[in-house]
Amino acid sequence: FPYTTLFRSAQVASAVALIGGAMYIFGGERSAFAFNDVWEFDFETSEWSYVTPKSAAAPEPRFDHTAQLVVVDETPMMVIYGGRSGHRFLDDIWALNLETMEWTESPNTGADAVFGHAAATVEGDMYVFGGYTESGFSSKFLKCAYGIGCEDITDTCGGLPEGLVARYSHTMASDGEHVYV
């Protein structure tokens, strides 16, 4: 397997977003130290690149968060939500514009401070399920729209399927029309 001399350090609990032939990785934790770095992996060349954001504002270091590719007005964005920094649970939502490499914070209405949750994107909306909050395991199902915030749709989407119970450190996927936990 070819690799370059520049590579991302070993970290756990990072989050990734895929766009075209690239994977963007944000944050993570190593030896009780949280990161807020961004790295790009080019699948064609098998090379890592450190991404230097162009904005002064940036999300605080974190791990156990989610990241999803969301397209807003034809602009690809890596949207991150929640996670934790040390023992603090986070509830913020940030987007990295993948064309300008600038971070912006999105309004956070309806989203809890949570870590270990999972997310998937359908038609520009990010859906989030589960995780761990200050109240314990969560079975909330959220629909988040960049620039607007999140709404709890647990009861309004027809309810959760039988057997889908509160959990954390799970994964979600989307086929473009449905989400799968």
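Select V71 to begin: at 49% relative accessibility, this valine counts as partly exposed, because that class sits between buried (under 20% relative accessible area) and exposed (over 50%), with a 1.4 Å probe and protein chains only. V71 belongs to strand 5, residues 66-72; strands here are DSSP runs of E with at least two residues, helices are H or I runs of at least four, and both are numbered from the N terminus. Now add S106 and draw a distance between the two C-alpha atoms: V71 and S106 are 35 residues apart along the chain and separated by 14 Å.

A word on what you have loaded: this is a predicted model, where local features need pLDDT of at least 70 and side-chain atom pairs count only at pLDDT 80 or more, while totals for chains, interfaces and linings use all residues. Residues are numbered from 1 along each chain as its sequence is written, and side-chain values use heavy atoms, with hydrogens and water left out.

**Zoom out**

Show the whole chain as a cartoon. You'll find 18 strands and zero helices. The radius of gyration is 16 Å, close to the 16 Å that the globule rule gives for 181 residues, so the chain is as compact as a globular protein of that length. (That radius is taken over C-alpha atoms, and the rule is 2.2 Å times the number of residues to the power 0.38.) Along its principal axes, the C-alpha trace spans about 50 × 35 × 35 Å.

Colour by burial next: 45% of the 181 residues are buried. Switch on the surface and you are looking at about 9,500 Å² of accessible area, 52% of it from carbon and sulfur atoms, as given by the Shrake-Rupley method with a 1.4 Å probe, where for residues only the protein chains shown count as cover. As for contacts (heavy atoms within 4.5 Å), residues 24 or more positions apart account for 47% of those with a separation of 6 or more.

**The four-strand sheet**

Back to the cartoon, and select strands 1 to 4. They make an open, antiparallel sheet in the order 1-2-3-4, where pairing requires at least two DSSP bridges between two strands. Strand 1 and strand 4 (47-51) are the edges, each pairing on one side only. Neighbouring strands in this sheet are turned by 25° against each other on average, direction ignored; the axes behind that angle are lines fitted to C-alpha atoms.

Walk across it from strand 1:

- Strand 1 (residues 15-19) meets strand 2 through five antiparallel bridges. Pick A15 and you'll see F26 opposite; pick V16 and its bridge partner is I25. Two residues separate these strands in a hairpin, and G20 in the turn has a positive phi of about 55°.
- Strand 2 and strand 3 (residues 33-42) are antiparallel too, over eight bridges. A22 has D42 as its bridge partner, and Y24 stands opposite E40. Their hairpin has two residues between the strands, with S31 taking a positive phi near 50°.
- Strand 3 and strand 4 run antiparallel, joined by five bridges. Here E40 stands opposite S49. Four residues lie between the strands in this hairpin, and S46 in the turn shows a positive phi of about 55°.

**Into the core**

Select strand 2, residues 22-30: eight of its nine residues are buried. Then show sticks for Y24, V38, M78, I80, L96 and W103, the residues with the most contacts inside the largest nonpolar core, which has 15 residues. Such a core is a set of buried Ala, Val, Leu, Ile, Met, Phe, Trp, Tyr and Cys residues joined through side-chain atoms within 4.5 Å. Strand 1, strand 2, strand 6 (75-81) and strand 9 (93-97) each supply at least two of its residues, and strand 2 gives the most, with three.

Centre the view on Y24. Leaving aside neighbours within four places in sequence, Y24 is in contact with residues including A15, V16, V38, E40, V51, M78, L98 and M101.

For a last stop, select V114, M126, V128 and C144: they are among the 14 residues of another core, which lies apart from the one around Y24.

Notes. Axes are lines fitted to C-alpha atoms, for helices over the stretch in contact, and angles run from 0 to 180 degrees between N-to-C directions.
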